[in-house]
Amino acid sequence: MIQLKDLKKSYGNHQALSGIDLHVPEGELFAYLGPNGAGKTTTIRILTGLTRLTAGTAALNGHDIREESMAAKRQCGLVPQHVNLDSELTVKENLDIHGRLFGMSGVQRKQRIEELLTYIEIHDRIDSLIKQLSGGLKRRVMIARALLHDPRILFLDEPTVGLDASIRRRIWSLIKKIQKQGTTIFLTTHYIEEAEFLADRVAFLDDGRIVAVDTPTALMDSVGHWAIDWVTEEGMQSAYFPSREAAQASAAAGNSGFTLRRVNLEDAFLSLTGKKVGTSTDETKAVHGGHGHGHNSHGGGGHGGHANKAEAGHGAH
Ligand SMILES: Nc1ncnc2c1ncn2[C@@H]1O[C@H](COP(=O)(O)OP(=O)(O)OP(=O)(O)O)[C@@H](O)[C@H]1O
C-alpha cells in the first residue's frame, strides 16, 4: 500500500511536484502516466528514499518514509529508468552484491538468486557478464535484483523504454506474473499501451499535478469510444464519438483523408490537458479512409463527439 498526502518537491525555485494525493492499495498495479518532465521519476525517487520530499507525507505499507525510513525501504524494490548494473560482473555477482546490501546471509542469497533467475527465466545466463546481455535481458536482471529482498512493493520507472515490441511484451508478462503473487506495483510510463494493458488504475500526471485517477476503461470512456484524426495546416486534429457508426458518419461528411481508430488513453490525456503523453507504439488499431469531409463538422456529431488539437509528430521520445 502506498499513501501520499499533499506531496511536494521543489528543486530551487522549480516546483517539480505540486501536492500529490494518492492511495494505491495492496496488490494493485498502478500506472503513473505523464509526459517528459511531469514528475514521475521524482515521485519514485522520493518514495524509494533517493531524494527528499519538500512537504507533505508519504508512507509505504504504513511506514512513513521519513520517520521509519529503513522500514519503508525494506518494503520496496526499485527498477530505475537507466541500466545501472555493473557490466563487468556476472548476473549472479550483481545480484549477490545487492543481497549483501540488504543483509542477507550467503545461504539466503544463493537460494534466492537461484529461485529468482528461474522465475524470470534467465537461469541459463547466471554466469554471463552483464555486458554480454541484450537490453531486454538486462532489464530482467534489474527486475530480479529489485525483487531479491522480497519486497511487497515494486517500483518500475519506465521498465520497457528503448526495448522493441516483442521484448516489451515479455516484460509485461513478467510484470503481470509478479503482481499475481500479491506484489503492489507502481509503474511510470509514457507508453500508452503499457498503461492500458497492465494497469488496474492509471494516474495522469501533468506538470507536477495529478489531473485524473481511474481505471483505463473509465478514463477512455470519459472521451468516447471511437476517434477520427485528420491533418490540417495547424497539425493533427481529432474528434471522439460514442460509436464507430457515428465516427464514420462524421468522417464521411468531410472532404479529406481521415483515420478511424479506437479511443486510447492518449486521447483521454489530451482531452484533459491539451497535451500528448508521449510515445504510442500501437501500429494496429487505425483504419485509413478519406472522402467527403468538412473539417468544421468534426466534433459536432452526436454525444461525445468533441474535437481536440494535437501537434503532429510531437511526443516522440
Ligand atoms: N535533480 C534535479 N535538479 C533540478 N531539477 C530537476 C531535478 N530532477 C528533476 N528535475 C526537474 O523536475 C521536473 C520533473 O522531473 P522528472 O524527472 O521527475 O520528470 P519525469 O516525468 O520522470 O520525466 P521523464 O519522463 O523525462 O523521465 C522536470 O522539470 C525536471 O527538469
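This briefing walks through the fold, the domains, the ligand shell and a few selected strands and loops of the structure above.

The model is predicted, so please note its filters: local features need pLDDT of at least 70, side-chain atom pairs count only at pLDDT 80 or more, and totals for chains, interfaces and linings use all residues. Residue numbers start from 1 along each chain as its sequence is written. The protein comes to 10 helices and 15 strands, where helices (H or I, at least four residues) and strands (E, at least two) are DSSP runs numbered from the N terminus. Of its 317 residues, 41% count as buried.

**Burial and contacts**

- A residue is buried if 20 or more other C-beta atoms lie within 10 Å of its own, exposed if 12 or fewer, and partly exposed in between, with C-beta atoms placed from the backbone.
- Two residues are in contact if their C-beta atoms, placed from the backbone, lie within 7 Å.
- Among contacts between residues at least 6 apart in sequence, 71% join residues at least 24 apart.

**The nonpolar core**

- The largest nonpolar core (a set of buried Ala, Val, Leu, Ile, Met, Phe, Trp, Tyr and Cys residues joined through C-beta atoms within 7 Å) has 79 residues, and L33 and F155 have the most contacts inside it.
- Helix α5 (residues 135-147) gives the most to this core, with six residues.
- Both domain 1 (2-214) and domain 2 (220-273) supply at least three residues each to this core.
- Leaving aside residues up to four places away in sequence, F155 touches I44, L47, T48, C76, L78, V79 and F186.

**Two domains and their contact**

- The protein is divided into domain 1 (2-214) and domain 2 (220-273), with bounds that come from an automatic or database domain assignment.
- Taken over C-alpha atoms, the centres of domain 1 and domain 2 are separated by 34 Å.
- Nine residues from domain 1 and six residues from domain 2 make up the contact.
- On the side of domain 1 that touches domain 2, α7 (192-198), β9 (201-206) and β10 (209-214) each supply at least two residues.
- That side of domain 1 divides into seven nonpolar, no polar and two charged residues; here Ala, Val, Leu, Ile, Met, Phe, Trp, Tyr, Cys and Pro count as nonpolar, Asp, Glu, Lys and Arg as charged, and the others, Gly among them, as polar.

**Around the ligand**

- The residues around the ligand (C-beta atom, placed from the backbone, within 6 Å of it) are Y11, H14, A16, G34, N36, G37, A38, G39, K40, T41, T42 and H190.
- Two elements give two or more residues to this shell, namely β2 (14-24) and α1 (40-47).
- Helix α1 has the largest share of the shell, three residues.
- By class, the shell holds three nonpolar, eight polar and one charged residue.
- Helix α1 is itself mostly covered, as six of its eight residues are buried: K40, T42, T43, I44, I46 and L47.
- After α1 comes G49, whose phi is positive, near 80°.

**Strand β3 and its partners**

- Strand β3 (residues 29-33) has five of its five residues buried, so it is largely enclosed by the rest of the structure.
- Its two faces are both covered, with L29, A31 and L33 buried on one side and F30 and Y32 on the other.
- In a regular strand, side chains alternate between the two faces of the sheet.
- β3 runs parallel to strand β8 (residues 184-189), joined by five bridges; two strands pair if DSSP finds at least two bridges between them.
- Within the β3 and β8 pairing, F30 has F186 as its bridge partner.
- β3 also pairs with β9 in the parallel sense, over four bridges, and A31 stands opposite V202 there.

**The open sheet and a nearby loop in sequence**

- Four strands form an open, antiparallel sheet in the order β2-β1-β4-β5.
- Its edge strands are β2 and β5 (63-64), each pairing on one side only.
- Strand β4 (residues 55-60) and β5 run antiparallel, joined by two bridges, and A59 has D64 as its bridge partner in β5.
- P25 lies in the loop between β2 and β3.
- P25 counts as exposed because it has 12 C-beta neighbours inside 10 Å.
- The C-alpha atoms of P25 and T184 are separated by 7.5 Å, although these residues are 159 apart along the chain.
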